[in-house]
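Colleague: I am new to this structure and would like to go through it in questions. Please show it first.

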Amino acid sequence: MARPRRSDDTRALLIEEGAVGLLANGYHGTGIKQVLDKVGVPKGSFYNYFDSKESFAQAVIEHHSLCVQRNLAAAFASTPDPLGGVRAFFVALTEDFVAADFTGGCLIVNLGGELEGSEILRSALSAAWAAWRDGVAGALRAAQEQGAVRADIDAVDLADLLLESWEGAVIRMKIDRTVDPLNKCLHRLLDDYFRP
């Protein structure tokens with residue numbers, strides 16, 4: 001397999017550092033210069049990789065979406081049943097929040113609350129949310145077929161409910177600095193409301 005060109009490596013490093021900055025400081029609080037400095041790229045070189053800060057943020061969102069999809073696939077592969085895979089995914093997120101001392105949150109939701117004026121970024125965020133939701137819905141649909149999840153509500157609707165509830169729990173986690181809201185969310189939905 002061919003080794004990526006240096007420019008591909010640099011673009012990937014900028015995206016990864018951008019994800020860190022956007023998660024910690026938001027879109028408006030993340031300066032292109034600070035990202036370039038962290039990666040060691042001259043300011044004038046930014047436009048060799050991205051047309052604008054908006055296209056840069058779009059690339060970060062798309063990268064984040066691919067990471068979420070990879071993490072979903074890994075969680076689903078880690079357990080013999082689809083509902084266990086859904087739980088494993090969210091437990092791993094919970095462990096990440098603890099390791100990060102209850103900071104960060106979800107890049108999609110953090111940026112979604114900040115970027116109402118950009119149609120390009122709204123569209124990228126919507127696509128990222130849909131990919132995450134569809135991955136969870138696929139597992140829930142498989143769990144419905146096994147009789148482990150109620151079948152009277154569409155799997156997509158259940159996935160939306162889970163993700164929307166999870167994101168609210170993430171906000172409470174950050175405010176109260178505890179994973180209790182996350183655990184309650186999973187217990188109330190996966191162990192109760194979603195059961196047949």
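Colleague: Which residue just after H7 takes a positive phi?
Modeller: This is a predicted model. Just past the end of H7, the phi angle turns positive, at about 85°. The residue with that angle is glycine 147.

Colleague: What is the reach of helix H7 from its first C-alpha to its last?
Modeller: H7 covers residues 119-145, which makes 27 residues. At 1.5 Å a residue, 39 Å is expected, and the model comes close to that. The reach is 38 Å.

Colleague: How many disulfides are there?
Modeller: A disulfide needs two cysteine sulfur atoms within 2.5 Å. For cysteine 67, the nearest cysteine sulfur belongs to cysteine 106 and is 12 Å away, so that cysteine 67 is in no disulfide. Cysteine 106 is likewise in no disulfide, with the sulfur of cysteine 67 as its nearest. The count is 0.

Colleague: Is cysteine 106 buried or exposed?
Modeller: Buried means under 20% relative accessible area. Cysteine 106 has 9% relative accessibility, so the residue counts as buried.

Colleague: Which residues lining the largest pocket are the closest to its centre?
Modeller: The largest pocket holds about 610 Å³ of space. Its lining has 26 residues, and H1, H4, H5, H6 and H8 each supply at least two of them. The closest to the centre are Leu23, His64, Leu93, Gly105 and Leu107.

Colleague: How many residues of that lining are nonpolar?
Modeller: The lining of the largest pocket includes 3 charged residues and 6 polar ones. The nonpolar residues number 17.

Notes:
Residues numbered from 1 in each chain as written. Predicted model: local features only at pLDDT ≥ 70, side-chain atom pairs only at ≥ 80, totals over all residues. Heavy atoms only, no water. Buried < 20%, exposed > 50% of the residue type's maximum accessible area, 1.4 Å probe, protein only. Helix = DSSP H or I, 4+ residues; strand = E, 2+ residues; numbered from the N terminus. Expected span 1.5 Å × (residues − 1). 1 Å grid on protein atoms, 1.4 Å probe; cavity = no way out; pocket = protein on both sides within 12 Å on 5 of 7 lines; lining within 4 Å. Points joined across faces, edges and corners; volume = space filled by probe spheres on them. Nonpolar A, V, L, I, M, F, W, Y, C, P; charged D, E, K, R; others polar.
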